[in-house]
Amino acid sequence: MENMELNELLAPIVEKCGAKMYCAHFEKEEGTLFLRIEIDGKVDLDLCEKISNHVSEYLDSHDIIKEEAYLLDVCSIGIERPIKTKEDYQLAINNYIHVDLFNAVDKLKSLEGYLLAVNDLGIVVEVLIKTKKKNITIEYENIKACRHAIKF
């Protein structure tokens with residue numbers, strides 16, 4: 001089953017339980033296949049268990065997944081969650097982020113700073129270079145990966 005189908009199928013179940021589904025996908029770790037459901041919101045063990053029970057019941061009763069044996073893993077996307085869509089970028093404005101670049105900007109291949117703005121072409125990040133703050137504009141095509149970051 002394709003990941004997009006999984007997301008469409010499982011998102012309503014996750015939302016009924018009170019969370020937002022970030023993604024559902026199969027992932028192999030050390031020879032074991034996992035169906036990993038990553039959720040966002042106020043996540044705790046009780047919520048993960050509730051979602052796991054509802055999803056298991058649904059999948060078992062509908063016999064949808066024809067993959068080999070797998071383990072179901074419901075987890076939080078975490079504090080350093082990826083930023084992938086324009087909506088994700090909009091929600092991350094004023095947050096501290098980490099960006100990896102395909103091509104260096106101002107001699108930087110990666111940077112961390114506060115996301116100040118988002119537009120159709122890219123993002124603006126305020127970074128600290130030595131002791132000076134600088135706003136750097138990055139086009140979406142130049143972003144290899146972006147995620148929330150923790151500032152120490």
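**A salt-bridge network, a three-stranded sheet and two cores**

The side chains of R36 and E29 come together in a salt bridge, with 2.8 Å from N to O. That's a handy place to start a tour of this structure, which is a predicted model. R36 has another acidic partner as well: E27 forms a salt bridge with R36, and here the closest N and O atoms are 2.7 Å apart. Put together, E27, E29, R36 and D73 are linked in a network of salt bridges.

How buried or exposed are the members of this network? R36 counts as buried, since its relative accessibility is 10%, under the 20% cut-off for that class. E27 comes out as partly exposed at 27%, and E29 is likewise partly exposed, at 34%. As for D73, this residue belongs to strand 3, where R36 stands opposite D73.

That pairing leads straight to the sheet. Three strands make up an open sheet, arranged in the order 1-2-3 with mixed pairing. Why is one side of strand 1 and of strand 3 left without a neighbour in the sheet? Strand 1 (20-29) and strand 3 (71-76) stand at the edges and have a single partner strand each, so one side of each goes unpaired in the sheet. From one strand to the next, the twist averages 25 degrees. Strand 2, covering residues 32-40, pairs with strand 3 in the parallel sense, and six bridges join the two. As a bit of background, strands of a sheet pair through backbone hydrogen bonds, either parallel or antiparallel.

Two helices lie across these strands. Helix 1 (residues 3-16) lies across strand 1 and strand 2, and runs at about 130 degrees to strand 1. Helix 2 (residues 45-62), for its part, lies across strand 2 and strand 3, running at about 145 degrees to strand 3.

What do these helices and strands supply to the largest nonpolar core? Helix 1, strand 1, strand 2 and helix 2 each supply at least two residues. This core has 21 residues, and the ones touching the most other members are L10, I37, I39 and I51. Take L10 as an example: setting aside neighbours within four places in sequence, L10 is in contact with M21, A24, I37, V55 and L59. Grouping of this kind is a familiar theme, as nonpolar side chains in soluble globular proteins tend to be buried together. There is also a second, separate core, with 18 residues that include V99, L111, V118 and C146.

Back to the charged residues for a moment. The total comes to seven salt bridges. One of them pairs E87 with K20, whose closest N and O atoms are 3.9 Å apart. This pair ties together distant parts of the chain, with E87 in helix 3 (residues 86-91) and K20 in strand 1, 67 residues apart. K20 is partly exposed, with a relative accessible area of 41%.

One last stop is H148, which sits in strand 8 (residues 143-148). Is H148 buried or exposed? At 9% relative accessibility, H148 counts as buried. And which residues does H148 touch, not counting those up to four places away in sequence? The list runs to I79, E80, R81, I83, A92, N95, Y96 and I97.

Definitions and conventions. Residues are numbered from 1 along each chain as its sequence is written. This is a predicted model: local features need pLDDT of at least 70, side-chain atom pairs count only at pLDDT 80 or more; totals for chains, interfaces and linings use all residues. Side-chain values use heavy atoms; hydrogens and water are left out. Two strands pair if DSSP finds at least two bridges between them. Helices (H or I, at least four residues) and strands (E, at least two) are DSSP runs, numbered from the N terminus. Axes are lines fitted to C-alpha atoms, for helices over the stretch in contact, and angles run from 0 to 180 degrees between N-to-C directions. Contact means heavy atoms within 4.5 Å. A salt bridge is a side-chain nitrogen of Lys or Arg within 4 Å of a carboxyl oxygen of Asp or Glu. Buried means under 20% relative accessible area, exposed over 50%, partly exposed in between (1.4 Å probe, protein chains only). A nonpolar core is a set of buried Ala, Val, Leu, Ile, Met, Phe, Trp, Tyr and Cys residues joined through side-chain atoms within 4.5 Å.
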